[in-house]
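Student: I'd love a close look at one part of this model. Could you walk me through it slowly, with the surroundings filled in as you go?

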Amino acid sequence: METVKLTDSQKKARRGRNLALGAVLLGLVVLFYIVTLIKFGGGMAG
């Protein structure tokens, strides 16, 4: 089986995309957490 050898610039680009994707996923988790707190918090206040 043949493996693909990545150049340094390809590795750097892949790492950048991975970090960007991780940041987006983390942002979504935080957003859902905040929305959940607001929804449950609003229900308990009334």
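Tutor: Happy to; what follows is a tour of the stretch around Leu31, Tyr33 and Ile34, set against the chain as a whole.

Please keep in mind that this is a predicted model. Let's start with the overall setting. The chain has 1 helix and 0 strands, and that helix, α1, covers residues 8–45. Along its principal axes, the C-alpha trace spans about 65 × 25 × 5 Å. Of the 46 residues, 0% count as buried. The chain exposes about 4,600 Å², with carbon and sulfur atoms supplying 69% of that area.

Now to the part in question. The UniProt record, an unreviewed entry, lists residues 20–40 as "transmembrane region". In the model, this span is 100% helix and 0% strand. From one end of residues 20–40 to the other, the C-alpha atoms lie 30 Å apart.

Leu31 is a good place to zoom in. This residue sits in helix α1, and it counts as partly exposed because its relative accessibility is 45%, between the 20% and 50% cut-offs. Leu31 also helps to make a nonpolar surface patch of about 640 Å². Its partners in that patch are Leu21, Val24, Leu25, Leu28, Phe32 and Val35.

Moving along the helix, we come to Tyr33, which also has its place in α1. How does Tyr33 count at 55% relative accessibility, as buried or exposed? Tyr33 counts as exposed, because 55% is over the 50% cut-off. For a sense of distance, take Gly16, which is 17 residues from Tyr33 along the chain. The C-alpha atoms of these two residues are separated by 26 Å.

Ile34 is the last stop, and helix α1 holds this residue too. With a relative accessible area of 42%, Ile34 is partly exposed, because that value falls between 20% and 50%. Here Gly22 can serve as the reference point: Ile34 and Gly22 are 12 residues apart along the chain, and 18 Å separates their C-alpha atoms.

To put the pieces together, Leu31 is partly exposed, Tyr33 is exposed and Ile34 is partly exposed. When you turn the model on your screen, try coloring the patch residues, including Leu28, Leu31 and Phe32, and then compare them with the span of residues 20–40 that the UniProt record lists.

Technical notes
Residues are numbered from 1 along each chain as its sequence is written. This is a predicted model: local features need pLDDT of at least 70, side-chain atom pairs count only at pLDDT 80 or more; totals for chains, interfaces and linings use all residues. Side-chain values use heavy atoms; hydrogens and water are left out. Patches are made of residues with over 30% relative accessible area and no salt bridge: like charges are joined within 9 Å, nonpolar side chains (Val, Leu, Ile, Met, Phe, Trp, Tyr) within 5 Å. Accessible areas come from the Shrake-Rupley method with a 1.4 Å probe; for residues, only the protein chains shown count as cover. A salt bridge is a side-chain nitrogen of Lys or Arg within 4 Å of a carboxyl oxygen of Asp or Glu. Helices (H or I, at least four residues) and strands (E, at least two) are DSSP runs, numbered from the N terminus. Buried means under 20% relative accessible area, exposed over 50%, partly exposed in between (1.4 Å probe, protein chains only). UniProt positions are given in the numbering used here, feature names are shortened, and annotations may be inferred rather than shown by experiment.
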